Structure formats: structure tokens, C-alpha cells
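Me: Please take a close look at one part of this model, the place where two of its chains meet. Describe that part in some detail, then set it in its surroundings.

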Amino acid sequence: MAGGQTNRLNNGGLIDRSAPLNFRFDGKSFSGFEGDTLASALVANGVKLVGRSFKYHRPRGILTAGSEEPNALVELRTGARREPNTKATTAELYEGLEAASQNRWPSLRFDVMSVNQLFSPIFVAGFYYKTFMWPAKFWEAIYEPAIRRAAGLGRAAGVADPDHYDKAWAHCDVLIAGSGPAGLAAALAAGRSGARVILCEEDFAFGGRLLSDGGTIDGLPAAEWLSRALAELAAMPDVRILTRTTLFGVYDGGTYGALERVNDHMPSPPEHQVRQRMWRIVAKRYVVAAGALERPIVFAGNDTPGVMMASAMRTYVGRYAAVPAKRIALFTNNEDGWRTVETALGAGLQIAAVIDARPDVSPSHRSLASRNGFTVLHGSVSGVDGGKDGVRKIAVSLTGGARAEVEADGLAVSGGWNPAVGLTSYHRGRPKWRDDIAAFVPDGAPPGMVAAGAANGDFGLGACLAKGFAAGVAAAHGAGHSGKAGTAPVANDEAFSLTPLWHVAGKGKAFVDYQHDVTASDIELAQREGFESVEHLKRYTTLGMATDQGKTSNVAGLAIMAAVTGKSIPETGTTIYRPPYVPVAIGAFAGHHRDETFHATRLTPSHHWAAEQGAVFVDTGLWKRAQWYPRAGEKDWLESVTREVKAVRSGVGFCDVSTLGKIDVHGLDAGAFLDRVYINTFSNLAVGKARYGLMLREDGIVYDDGTTSRLAEDHYFLTTTTAKAGLVMQHLEFCRQVLFPELDVQLTSVSDQWAQFSIAGPKTRDLLKEIVDPAEDLSNEGFPFMGAREVALRGGIKARLFRISFSGEMAFEISVPARYGEAMARNLMLAGEPFGVTPYGTEALGVMRIEKGHVAGPELNGTTTAADLGLGKMTSTKKDFIGRVMAGREALVAPDRQVVVGVKPTDRARRLRSGAHIIPKGQTPGPGNDQGYVTSVCFSPTSDQWIGLALVERGRERIGEIVHAHDPIRAEDYDVELCNPVFYDPDGGRQRG
Amino acid sequence: MRIVCPFCGERELGEFTYLGDAKPVRPAAGAGADAVYDYVYLRDNIAGVMSENWYHGGGCRAWLKVTRNTLTHEISAIEPAAGAGAAKVGA
Amino acid sequence: MKYSIFSLARAALSGHKNWQRTWRDATPKDRYDVVIIGGGGHGLATAWFLASEYGIKNVAVLEKGWIGSGNAGRNTTIIRSNYGLPGNTGFYELSMKLWERMEQDLNYNAMVSQRGVINLYHSDAQRDAYARRGNTMRINGIDAELLDLAAVKKMMPFLNFDNARFPVQGGLLQRRGGTARHDAVVWGYAHAASGLGVDIIQNCEVTGFVRDANGKVTGVETSRGRIGAGKVGMAVAGSSSRVAEMAGLRLPIESHVLQAFVSEAIKPLIPNVMTFGAGHFYVSQSDKGGLVFGGDIDGYNSYAQRGNLPVMEDVCEGGMALMPMIGRVRLLRQWGGIMDMSMDGSPIIDKTPVDGLYLNAGWCYGGFKATPGSGFVFAHLLARDTPHEEAVRFRLDRFRTGAMIDEKGQGAQPNLH
Amino acid sequence: MAEFSWDVRSPLDRALAVGRYGARGDAGVTLTEIRNFDLVQVMARRGKAAEMAKAAKARFGSAAPKTPQAVQGSDATLIWSGPDQFFVLSKGGKHAIGALGQAFAQSASLSDQSHARVLISVSGVKARAMLAKLSSIDLHSGVFAVGAAAATSMDHTSVTLWRGNDLADGLAVFNVLVFATFAESLWHTMLDSAAEYGLAIAHSEQLA
């Protein structure tokens, strides 16, 4: 045996003995080799106890050699990279690997929680539904915390994952899952036919069971054939073969999810590389060659460390040259289990006995037994004597009733094979039962998908190759490729005979679901209590809900249920198969969409200029907008914002409003089109003029507002709110293409084409005169309120100028092509310098719109009507428009609706807050007198107090009434006066002047 | 799901936005409140093949009428909205 | 059989051989006073309240599969009453109060865990909207707290506070909110209702309605024969339109898929129920240790109980944006439930235009948390023929009158609610 | 009176750092921003698609693409952007919006997009591997041939994508027009996606 590795064979296996790797398990140092998994290295070091079970904290060893492993779960790595519940059977060994056992305290060998086993007579399936109910308060305080601490398995890192992930798309004609004989044959066939092929292999090496079981293909040893096949595939330019990649899900339209573990075999990913990559593969055809999983037999003590699946034992010995036990017993109900005996003997290991549940054993096996001096017992294993250090003795019930004992340190178990039907069943296809192999095989797979080889119930090597090859040819053909595929690889089929055996009755706990500690008697109890449906069984006992997703337990569980209900297994049926096929890290599904790159960021044309000015930015949808521009010495945001407002109201300021949605509406019918989408009329708007418009949803509720200008007879320029820009475009396209296709209208988003600035304040015109070509007439006559036209700017560029005002001041909005946006901001500063120009942000913009009583997002909340907003008078009665009819419904025109009104605290020093509710003065707040709420607030420098807008029942009839602002969530209560929502310049003289 | 845009070819679901059943037709002006109520609120909510409005907003911005089975998500036909291109519609 | 630690201990002595069925396996009788279609949480709760509150015990619950096989068994188990509009507020609080006494009512531990529900906010506007909602709750006698950033940090130090695209600013907390074990709710109501004489009939699919000459519903045709009924109540969210169609009704409802996810079991990590305010993600941790999470609906009409990959990605992106510590936690299972998405995002509990047929539908995402309340008010409607005072706004004709209950303000667009 | 200078600034002006990025060794991906171009969206008036096509042919010497293609005209590239609509991409003002108005006066509506988009050209041996992280469409040489175009999305952001002429060494060139206000964000995503392959970054005034 190799140095230090007590259970490593000196020869054989696919490990690289020249590349030793050091690792630690539970703090103890071990060594293994390149090519090992953590499990195979532990086996090679003679480690039998690797974990504790979920409920009873029973000692557990390694059961399998693949992703179906229920027992050998570890916390892999440390610190921020700690990965709980990692299967030792799939974790590749690397230098310095650190792993720890989990769900035990203080140590794996001495786990205090194993006292749970003493209570196991009470801790049966569903016991918690029958108790912990008294007294009621104890649940959250005592019972639940205790249960939660005891439950769960490993510990998550608890700090941010330091690694990166990405996601990618791939496209192919034929996708193949699995690189065993069937998958490789399919890939060869499809590739030779000329199809684009992607083959995904979960393991880090290609070959599937060939790696463990060998065989002869086309007269060559399996390993030789394998390397030739891989070389041929690698030479095909349109064939991509991926290791460490698991197909986990099947989605509509021939889309498949796969996870590539790019760097999980490294201590940490190299610089610029990801840990894992999620592939979304679009394939015309899909061949599932994912093989089959050997299934356990349920008997007392079947969870003792040292009890292992027969095929897994073969894998450890054959592929890894690691010896799980030196004196092995085999318990089988089928021919395939005997191959483990052959492998073990070939490696020089001792066979203690074979317990075969079938009535007959072939003469060749009998002679093998006599040649090698072990007995063949007809019967079943009825108990295992052993513990955390492994198996010692095996009790056997012989056919006919006698009992026997076998001394062994390992027990290989084979209950037959279950094809991996998950991938073919995610679209609710139900697998069908085949009596000859006593297993479910795929049925009702989604279009374009076929299973081949062991995944389809064909277990022989020859059949796998032939069926895989045929599936590859057919898949390529189905995808339109019919090049010469040549002939299928040839091999013999091994004999396969099986007598179904699910459960050996006997004393002691017999586990069906190892990880969740579901026993055969739990299933019987569930049946007794009426949980007979397999879905009830699953939910009541938690059978199949552990991290192995029931791969080793589901079929046995329902077979036992079938036996107790007297139904057949197919009548009992399977539960619904659900993706992912193996658990997938949440980080991989997110890819790079996390932290700051969770969503895209949109930047305004003047963003970097604003950043240079020290602007504070606010997230508005995807946008970053300048919120205010703090100056040295200002103590808080309010001081900055107040300064900005005052500067605008007394002089001039500007604000980047490019985030507004901007749409070119072209066409001979553009006016008629806008008449149908707005409540007011646009067809009669003069060229060179702008108009405020309001659009409704078809249900009569206000959708969006904005200013639309007519730039030419057949060209309108429409603006939307920032929030609704994309949605309004979609809505208008719907109107254009679906509702009113007869109209000649073209729509183009020009949101990104124009940098748009609002310039406001009494000195706006002075500033504009500096920057606009002197030939342009900006006088009230030459450019009246709501005028809109193109002007020339000094220095040679053209701009669009709109005389519109959100602030209530004399104001213009000016648009220049976006790449001039930054220059525009600088030039506005330059032009405005003599007038003390002040850039302002969205906060000041908001203050001024509230002072002016303009409604915005908080009032356009998706439940308000035009009349609620005080805009009912805009509604045209002379035309049809979207939302007209539904807006007239009784509840939407009821006199007691909540409508927009102004509010201000009676105590001028008091701060007003949004979200405070309005209650009639002197009444106790309750559901019956909750009359509305404050929607928008600001400190108004103009009013020198906090003011706001509110939606209040019959608000417009109650101007002057003192009501109560009730804000219990912030422990505030105060009187406010309902007032005209236009706090500033109600006649509008300033904006028109 | 993949949707074959009649203009762009097969595209990923993420490029499309769903609106709903394409069967209800917007009533003409003057059709009355009952007809509009029916149009806005009542749905057959078919378990099976239905025709639906989808928007290829992440692509060519065409509205499409997609015939899809709500039990299997299988798409059997796709056609552009009447006004998606520039072709003359109606009289 | 009364369930308790003592009965468990006694049963253990006899090897648990003496437990009886949790609910009786009933065969259908010819006629019942009330037939409820749908053996989910709502239907079973309705039966239990009919029997226990209104003394109507000649009741059958018909289930086409196994009880709890619809949305009752496919949700994220959250209970809360943090709604903001009249109609919803009072109703969901009624339901919350019934959750709080459920185990004592039913003698079944549904693991109602009031560990707190927090909705995070990421902007001033969102804070204001939550303040408004929180105040509505308080005015209605419901607990609500508005937390600032410091309070959120203290409660959930593991969120991404350092480099988030949309930084957390605070949250709206309802401490009485939490989770319950969804399957146990179904089994508990079945157990208790069956104990009062209600017949629970599984594998019994309704295939049509029996109508008399006046059009009144007098029974149902089923896969197990005709069953007469004084009144028929529908509680089949996800299939409401299909069942209503048998009575010639069209509903303001669409069916949509909502996915949910659970991770591998891990030791306690997340203490409460959390909702991300800047993406589609909400999460809690089950008593077994799995992170149970979800997000937005898939967005198109569907009766296929499976979800798509883009939404799965979207949800995980939300999770990683909010708390990148879950990056290495593995997603174990994904499933999809069929939601009755109504046209304003709120439920419908009302008589239908068809005499004798009563409707309980349109639950959108609210179905699980509504279970006891829904049963209570639907039982009231069936027993008294008038709506319960906390359900008067859930009328079917509100879409005609314009009295919608639209919490999200999205209008007649079910996939946006 | 102040002197105003109207210097144009690409939205990538700050983010684009000419030189190398990511893994060392030969750069697997080359990203080049093409600056200062004229881009006009041409959309047929209802019932005027044939007239528009005729006008395009007269103006550019080649028919406007009716399917997702990019067509090289005499001194402009015509890129399909949707049913009965296309972009005119050119340099130097000859086919800027002002110059095109007359040609399409009776047949199409024009909308200037010159400043609404940023043009990024992607090439290199790993160009497809990098784009596979951003784009859900199949860019295999046999499927997305030279001249193929797509109105599509990259990383949830709308783009117009087309394959230009191959480089002298036979490598493909993919051109991406992205909305200007999204450009910096998508640029960073491109850098992240290509970092493992090594990047060469440049900008140019020349249309490929």
C-alpha cells in the first residue's frame, strides 16, 4: 500500500501517483493523489466515519461514488469560501484542501446530539405536528429555536462570497448529457453526421462507468477505445466536450441549463477567472445519456459506515485504487452486483461471502466462489453489527428461515439500477415502469429529447453503445444533418438478471432516505395515518427532500408504500421530478449581476461634469441623477437644496432633465394618433407650440403625463416621465401596431439622442441671450409661453428650445445632441456666470414642483383619475381616447374620492412627512375616518415652512379646514391646514412673464 | 421559452414582453360601458391553445400575435401585428 | 385522537401501531348541505369553519387529486397582514389573528412562527410609501414599525451594505408576520374538519354542475358520480376559470406561474422573512434549514406547473444583490404554482350570478397567508348568504363599478400585480 | 461675451482606457470604440415601403435590407433595425439627417440617432466566447455570417449587432450599437466578460 495511504493499492487506477496532494479532514492531515476525489482519498486513508445524519445524528460513511451521495457531506474550504453540504464523492482533491464534517458537536466521533437516537421512538415521521403546541408562546421562544439549531446540516460562510460567476449562451444541434459509452457513441454519431454537438460530463474525466468497469469495445480495451473516441471528437471543429459540467434543467423551447465548475478543483480561482459558469444551451435535439444509479436495499443497519453501493465499491477499487474494505461481503439481488466481486478479487481483496437474494446463482459464479473460497448464501441481510468504525459482522436470513453470520469489514449492496429519469421528467412527463428491470424508464419526454443507454434502461455495454449511436444519428438527422456516421462501436452485453427486493423486514432501523433518517417504519406509519399518496408520503416523512433529492431513496420508498397498500409500484406512482438535477450554487444563477453590477446603470449626458461638481447622486430606476450639489460649509442636504431653490427663484439655475422619455412621433396621422392616446387634443396644436398631455390606461386611471411639442406638420416630439419612458414607448407601439394600425405613424425613441436641460428663474432669458445666437428672438412675443422651436447657439450648433416650466418660474428647456451635453453644462455655467447661475438637482426640482402644485410620481400612483389630480378639465368630450369609457365608472367619479390638495402644518416650525394620514380634527383615528394621506412634502423656502400635497377625501371642498396629520409609525401627530395645492404664484404670472 | 419573431428569427424569452390574450378587440367608440368592461376585465383564461399579444421590445419592437398552449408552452404560430411594418392596413 | 407529547409517548410504547388516519377516508354521500370544490387550504378551512363556527357539518370537500396538491403545497409559507388598502387590511389581519390561534383550534402543530416580516426600502419614495402603509396598518390596529438603516443593520448585519447597486435604507417591519408549515395547515384543517364530520373526498374531480330548471346549482357531477348540494362553494385558485366555465362564467382572472425555490438545508442563517425592495426576491429559512425564496411571476398565462430559467436567474440575482453571502449556498429544488391573478391584484369572495354557486378566487400571491381568513369569511358567506364584514369589498362586481383594490396601482394587467 | 466651445465627448470618454486589460499574454479580445459617426433611423411611412426602398437604392446604390442584414452602400452602411426600417451609418455629414431629408421626403420618417448610440467593434480569437456571455443569439460563423444583423439585447440592454467584414487574418468583427446612456455600464460588463481572455482596448474615428 502507498505511503501513508493505508488503503491504497500499489498498482492500477486512474490516479497519478507521481502527483501527491496534501489535504486535511477535521483538522487531521492526509495525502492523496491527483485524480482522487475527497471521498476516494478518504477511502485510501482508511477513513470510514465521515458524517452524521440529519435527525438522529447517526454515524455515517461513504455510500456512493457520485452526485447521488446522501451521507458523505462536508464543509469544504474555510472562511468566506466555506461550502456546506459538499459531497465528498464529487469534490476533486487539490493541494491544501480543507474539509470538515458537519452536523455534529463537539466532534464527529463524539456527537452530543446523537442522544436523539434515544428519543427515536418518539421522533417518528411527523412527530412535530402532534406536539410542541402548548403553551402557544413557547413555539417561537423555545421549541423552534431548538429545532432550528438541531436541524440544517452544514454552516454557510455567513459573509459575502468572494468569487465571481458568469453565465453564457451556447447553441448546438445535438446536446448530450453524459460521456459514458452511450453518450460518447451518440456524440461520435452526431458529430460525424455533421451536427454541432455539445457533450456535458458531470465528472472531471470522460468515460462514465467505463472508468470503473472497463470492458472491451471494438476489440480494444475500454481505456484505449475511450482515448481514441475523445481524440476523434476533439478533432471535430463543431463538437464541444465539457467536463465538470452538469446538465441541471430542461426549459421550454429546447433550452437547457448546465453548470460548469470551472475552478472548483483549485484552491481558489486564478485571477480574472470565475469559480463557476452557468450555461444556457439552446439545442435542437437532446440525448440524455446520464446513465443509471444503483439503488440500495433497505435492511436493518444499512446505514452503518462500511455499507456501500456495490458499484461504488468497484469505482473506489477500480478507478481510484482505494480499498473501502479488505474483507468484503456482497448483498445483491442481481447479476451486476457480482462484478464487484470480480473487481475486488482482481485487486487481491478478500470476499467474505455473497448474499444473493435470487433463487439461483449461475454456475460460473458458483465456481468463482469455490475457486476463491467464499460462500454464496441465498437470502437477505437482516442486520449489521458495527458502528462508527465500520462493519464487523453481518446477519443473514437464509431462504428457508435459517440464519447465518458473516464476518466482514465492508458490505457491498446492489438492489438493481434506476435509470436517471429526472432530466426527461421535468416537464411533468411521468416515467413508466418496466418489470424486466424493475425500474422506471423515461416516458413523455419533452419534444426533441430522447434517453439512451442506461438512462433508458439498457444496461449492457453493447446495448449502450448501439442505442447511444443510433440516438446520435437520429438526433443529428432530426436537426438536419445526415452525413456519414459510419458504424456503431461494438461490445458484448453483460448478463442482467434481477429479482426485485426492496426491503428486508427485521429488527432495527432500516433506512430508506439516509440523509433525512426516513426509515421503512416511517413509511408504514405514514400509510397508517392516511399519507398514502406519494406526494403526501414525501411531505409527511420528508423522504427524498434531502440534498441528494432522493436519488437513492425515492424508488425504494414508493416500493415500500406499494407493498403496504397492496398496490403495484406503477399504481403508486412517482412524485414530480423537479430541477435542478443536482443542487446548484445560487451565485452561479446570478452570474455577474450582484453588488454594484446587479443592474445596469444609466448615466445622463452631464453625469461626469456633475460628478466633478461634487453632486450627490440618487438612483431613479436605472439612472443616476444629480440630487443636489453640496457646497463647502453647508451642514446638510436641506441647506444645499434650499440654496438651490432660492437661487432659481431669485436668479437662474439649470438641471439636467435628460432622463425624461423622449419620442419622435412622425407621420401624416401623428396628430390623430395622439388624440387617441391623450385625454386632451393634439391634432389642433400649432407647429412651434408645446402642450401638456395626460394619458390614461384603458381602465380610466392616469398612466403618464408629459409635454408634447409639434415640430412640423407631421412631426411631434413627445416626452414622458422618467419612470415610464420604456413602458409608454411600449404602450404607444401597441396603440400604433395593434389598436390603430390604419394610421400612418412612426415612433422612435430619442431619449438618448438629446441632452435636455431645464433652465429656470427670472434671469433665464438673460442667460439664454448669452448663449443663443443673437438673431433668435427670445422675447415674450417672439418666443411665448409654450413655444417650441429650433434655435442656433453661439459657436455653431443647433438646439431645440421649449418654453415650458415645471418650477413655475420663467423657464425654458433646451435640448442639444447628447454628446454636446457635457459642453452644454459647462457653457450654461459660463453663460450664466454674470447672473449667478446655479446647477440644481432633483431635490430642488421636486421642491419647486410641490410649491407649484404639479403632480408627479407619488400622485400618479396608478389609482388616481384625472379629476383626482385636479386635471379633469383637460378631458376632451369630443373624441374617443384610451380610458374614456372606464373613467366614467361610478366609483371613479364618486364625490367622496380622495383628491389632490395642499397641506401645511399649522405650526409653521413643524416638519411635515410623506405617508402621514389625514384624520378629521378631534376624532380618534380608525379605519372609518382614515381620509387620505400626504403624498409629497418639502421644505418650501418660498413659504418658509414645510408644505406638501395630499390625497384627501373631498379635499378640494375643504380648503381651509384644519385636519389632523396622523403618523403613528413615526410617533407624530399634528394639525395641518388643507390648502390650495399651488403654493407659489397661483396666477402663473412668473412663468408667462 | 424561445419565440420565433417573424422579423428577427428565433429569440430568447427575455427579449419579449407579454401583454395577454389577443382575442378581446377594443370596442369602437360608442360601444357602451358593458362592451368596454368585458374588453378590459373579462378573460377566457384558456387552458390550452390561445392567441396572445407579445412585444419584441428587446429586439425589433414589433408586436406579435403568438399562438401558444398554456398547458405545455408550445408555440404553434406567430404572426406580426397588423400594423407592425409599414404595410397599408384597412381601407 | 388527541395529539400531544403524551399521546406520542404512549404510541411509542406500542410501536406507533395505533395511530389512526389523520382524516377519514370518506366516500361521497348523495347529498350535502354544502359542497366545497377544492381540497386546498382554503376549501378545508372553509369546511372547518362551517362546522365549527356555523354548525353546518353536512359538508363535503371534493379534491381532484390529493389534498393540498395545489398552491397550498407550493408556496413560500409566508404569513403577514401588512397590506395598505381598505378591504385588504382588515381581512388579512382577521386572517393573522386566526393564524395565532390555529394550533389550539386544530390540535395540530402548523408551526406558525411569528419571526417577523421586513420589507426593505431603498429610496425616499419607497420609504414614504411604506410609511403610508405602516400608518394604515397602525390605524387598523395592526403592528408595524418603520426601521431606519441602523436598525436594519443591527437586525440583519449580513446584508450588502457596502457595495450595493441599490443600497438598503431601512425597512417596514411587521413582527407578527412570519411563516407556517404549509402542508401541516392543510393536514391540520383536514384533521379537525374530519373530526367534526366533514367528508374529505380525494381523487374526486368535478366535471360539471347540476342545475335545476331555474338555473340554480343543485349539485355537481364528479369523477365519482353525482353529488347533490344545497350550496356549492368554489375554492380552486389556479383553476378558477376552468371550473367557472362549467357554470358558464367568465372571470376577471388569469392563471400565471409563480416559482419558488428552496436551498439545501443549512444551520440557522436568516432569522426572519425579508423582501428586497429593489429586485424580485424574498426569503425566509425553514425550520428544516432550507432557504425558501421566490420572486416575480413568470409573466405569461400558464397552467404548466413549472417555471422558466430567466425568472430563476432574476430571483437569484436579487438574492445576490441583497446578500452575497448566499453565493455558495446551493439551490436544491424549484417548483411552480398556478396563481389566480385577478385584474386588480386582490381576491374575490362573493356569490356568483349563478344561484347556489359561490366563488372564492383571485388570490394572486396572497393565498397562503389568507388561508384561515378566507375559510372564515367564505364559511360566513355560505352560511349566511351575506358577505362577512371584512370581505365586503371583495365583490365580483367591483370591476364594473370601479371600486378596485389595487395595491400596486398596475390596473387591469394581471402579470404586473 | 463668453466664448463657447462645443466639444463633443463620447459617453465612453471616461471609461475607455486605451491599452491592455485583464489576463496577460496575447489579447483574446479587441474592443474598439468608433467615434463620431452619423446615424439616421429611416422608417417607411404607411404603405410606402416600396418607395422608401427605391429612394434608398437611388441614394446609396444598394437596396435597403429587408431582413436582418447590414448592407454596404457606396459610402454608408445600411443596417436593418426592424420591419420596414433601417439605420444609415456614415461619416462626415454626407448622409446625416439634414442631407437625407429630401431623398426620403415622400416615403419615410427620419430620426437622428447619431448621438443616441455608441458604436463598439469586437474582434479577436475570443470574441465569440466573450459575446456568448452577453448575447443569447447564435454567432456561429455558419449561422451569423458576414453581413448578418440583429436587433437584440445584450445583458438586458437593447443593441443593434452586425457582423462586418472579416479581418485580414480571417477573424470575425462584430459591431455593437448600444444606447448612449447605457454605454458605460455595458462597457464595464464587456471588460468583465473578456478579462479572462485578455483585452486590447482602443478607439478610432474610422468606420470599419
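Reply:

**The side of chain B that touches chain A**

In this predicted model, 22 residues of chain B are in contact with 19 residues of chain A. On the chain B side, three elements each supply at least two of the touching residues: strand 3 (17-21), helix 1 (33-41) and strand 4 (49-55). Helix 1 of chain B gives the largest share, three residues. By residue class, the side of chain B that touches chain A holds 13 nonpolar, six polar and three charged residues.

The partner, chain A, has 993 residues. Its secondary structure consists of 23 helices and 50 strands, and its C-alpha trace spans about 115 × 75 × 55 Å along the principal axes. Buried residues account for 62% of chain A. A residue enters that share if 20 or more other C-beta atoms lie within 10 Å of its own C-beta atom. Among the contacts in chain A with a separation of 6 or more, 67% are between residues 24 or more positions apart.

As for the other chains, five pairs of chains are in contact. The pair that shares the most contacts is chains A and C, so the place described above, between chains A and B, is not the one with the most, contact being counted for C-beta atoms within 7 Å. Chains C and D, by comparison, do not touch: the nearest C-alpha atoms of chain C and chain D are 11 Å apart.

Terms used: Residues numbered from 1 in each chain as written. Chains lettered and ligands numbered in written order. Predicted model: local features only at pLDDT ≥ 70, side-chain atom pairs only at ≥ 80, totals over all residues. Contact = placed C-beta atoms within 7 Å. Helix = DSSP H or I, 4+ residues; strand = E, 2+ residues; numbered from the N terminus. Nonpolar A, V, L, I, M, F, W, Y, C, P; charged D, E, K, R; others polar. Buried ≥ 20, exposed ≤ 12 C-beta atoms within 10 Å, placed from the backbone.
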